[in-house]
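Me: Take me through the labels on this model, one at a time. I want each term set against its cut-off.

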Amino acid sequence: MSLDVRTVSTPCYVCEEEKLRHNLQIFDQVQQATGCHIILALKGFAMFSVFPMIRQVLKTTTASSLNEARLGFEEFGQRVHLYAPAYKAEEFDDLMFYSEHIVFNSFSQWKRFKDQIHRAEHPIRCGIRINPEYGEVETDLYNPCAPHSRLGVPVKEFRFDELEGITGLHFHSLCGNNSDTLERTLEVVERHYGEVLHQMEWVNFGGGHHITRSDYDINRLCNIVKRVQETYDVEVYLEPGEAVGWQAGVLVASVLDIIHNDMDIALLDISAAAHMPDCLEMPYTPEIRGGGTVDQYPHPYRLTGTTCLAGDVIGDFSFPQPLQVGDKIVLEDMLHYTMVKNTNFNGVELPSIAIWSDTEGLRTVRKFGYNDYKSRLS
Ligand SMILES: Cc1ncc(COP(=O)(O)O)c(C=O)c1O
């Protein structure tokens with residue numbers, strides 16, 4: 001039984017439990033086949049009401065701030081892997097408390113905090129993020145290997161003499177890529193850091209692996225992981241965010257008005273700017289359930305948001321039947337990089353969060369209101 005949108009009060013992000021379970025089965029298969037560890041990147045997907053399900057397969061989370069570290073510790077129930085471009089001295093004791101791995105973005109940060117790490121009350125494994133200076137990401141906003149990037153130590157800046165206490169290397173240079181990109185990236189990493197990898201206990205391949213996408217080459221990934229583990233005698237970590245929530249849920253909206261300005265324009269009770277900013281930043285156009293590209297069906301519409309931002313436009317689509325005020329519109333693949341990035345811009349309400357299960361139907365786990373908006377201001 002698929003999601004019954006009639007039961008959804010809009011706007012609402014709905015996680016479709018069976019689809020999330022399907023993604024987790026794929027991660028399980030990769031872990032079983034290789035012995036690698038896949039951990040959830042909270043920056044991409046932090047819907048903690050489904051952590052009990054995710055926890056059955058993924059060992060822990062990776063955090064990029066004190067808030068994420070605390071959420072991972074409290075809601076996932078495990079110490080996190082931590083990486084942020086820079087740490088604040090006044091937060092570092094708390095960060096250590098919540099972390100089992102800490103990755104430093106520079107040797108200067110490593111030197112600043114290494115003595116403090118030695119005094120931690122539990123073991124913490126430390127790593128350095130390297131910038132492989134090889135990327136296949138076309139949008140600069142998402143390319144950690146763009147010129148003058150601040151993410152990871154560039155090859156020329158690497159301090160082979162400062163590795164005492166460092167047990168792992170981390171790189172993150174993929175964004176929605178397949179495993180052939182990982183293979184080419186590793187060729188570069190191994191060329192520069194092969195000797196260092198032999199001294200390490202672990203290596204983290206970052207996120208950006210589209211493991212759960214239907215055309216992803218899982219066998220190639222498994223072969224890469226096994227080869228790296230055997231060659232360097234290291235544990236391998238992968239930390240996807242997007243691939244965890246990939247096509248595992250939707251954003252449901254309602255049509256508020258239909259106007260005409262050389263074309264039909266539908267105003268929805270959601271906002272591209274506030275609720276799915278990647279649509280404007282990437283830019284990325286979602287698919288609409290039951291709808292199609294602008295020429296596909298007889299009734300074309302521009303779907304737009306409800307804020308006063310002129311560019312709050314989701315995209316141009318078409319439908320088999322004319323839209324009516326009150327119709328529900330279902331935007332596909334809306335779990336990752338949406339609820340973790342959304343805002344109350346224009347005072348618009350945040351979409352509720354719900355879980356759809358084929359056996360239990362719809363369960364709304366969170367509604368937002370005026371106090372959520374007001375509490376961010378003063
Ligand atoms: C260091 C790091 N790890 C993991 C991720 C997750 O990437 P994705 O959600 O594309 O898998 C990101 C995303 O920016 C990242 O910066």
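Reply: Names first. Helices (H or I, at least four residues) and strands (E, at least two) are runs assigned by DSSP, and their numbers start at the N terminus. The model is predicted: local features need pLDDT of at least 70, side-chain atom pairs count only at pLDDT 80 or more, and totals for chains, interfaces and linings use all residues. Residue numbers run from 1 along each chain as its sequence is written, and side-chain values use heavy atoms, with hydrogens and water left out.

Me: Where does Tyr 337 sit, and why is Tyr 337 called partly exposed?

Reply: Tyr 337 sits in the loop between E16 and E17. Buried means under 20% relative accessible area, exposed means over 50%, and partly exposed is in between (1.4 Å probe, protein chains only). Tyr 337 has 22% relative accessibility, so it counts as partly exposed.

Me: What makes Asp 333 buried?

Reply: Its relative accessible area is 7%, so Asp 333 falls under the buried limit. Asp 333 lies in the loop between strand E16 (328–332) and E17.

Me: What is phi at Asp 333 and at Tyr 337?

Reply: Near 55 degrees at Asp 333, a positive value in a residue other than glycine. Phi of Tyr 337 is also positive, near 55 degrees, and Tyr 337 is not glycine either.

Me: How do you know that Tyr 337 has a polar contact with the ligand?

Reply: A polar contact is a pair of N or O atoms within 3.5 Å; within protein, one must be able to donate a hydrogen and the other to accept it, and residues adjacent in sequence count only if both atoms are side-chain atoms. A side-chain N or O atom of Tyr 337 is 2.6 Å from a ligand oxygen, so the pair qualifies. Glu 239 puts a polar side-chain atom 2.7 Å from a ligand nitrogen. For His 172, a polar side-chain atom lies 3.5 Å from a ligand oxygen. The protein covers 87% of the 390 Å² of accessible area that the ligand has on its own (Shrake-Rupley method, 1.4 Å probe).

Me: Which residues around the ligand come nearest?

Reply: There are 13 residues around the ligand (a heavy atom within 4 Å). Gly 208, Glu 239, Gly 241, Glu 242 and Tyr 337 come nearest.

Me: Why is Ser 179 called buried?

Reply: Its relative accessible area is 0%, so Ser 179 is buried. Ser 179 belongs to helix H6 (residues 179–199). A polar atom of its side chain lies 2.7 Å from the backbone oxygen of Asp 217.

Me: What makes strand E1 mostly covered?

Reply: E1 spans residues 12–16, and 5 of its 5 residues are buried. Cys 12, Val 14 and Glu 16 lie on one side, Tyr 13 and Cys 15 on the other, and all are buried.

Me: How do you know that E1 pairs with E17 and E11?

Reply: Two strands pair if DSSP finds at least two bridges between them. E1 and E17 (residues 352–357) share 5 bridges in the parallel sense. E1 and E11 (residues 249–260) share 4 in the antiparallel sense. Tyr 13 has Ile 353 of E17 as bridge partner, and Cys 15 has Gly 249 of E11.

Me: Where are the cis peptide bonds of Pro 11 and Pro 283?

Reply: One runs from Thr 10 to Pro 11, with omega near -5 degrees. Pro 11 is in the segment before E1. Another runs from Met 282 to Pro 283, with omega near -15 degrees. Pro 283 is in the loop between helix H10 (278–281) and strand E13 (292–293).
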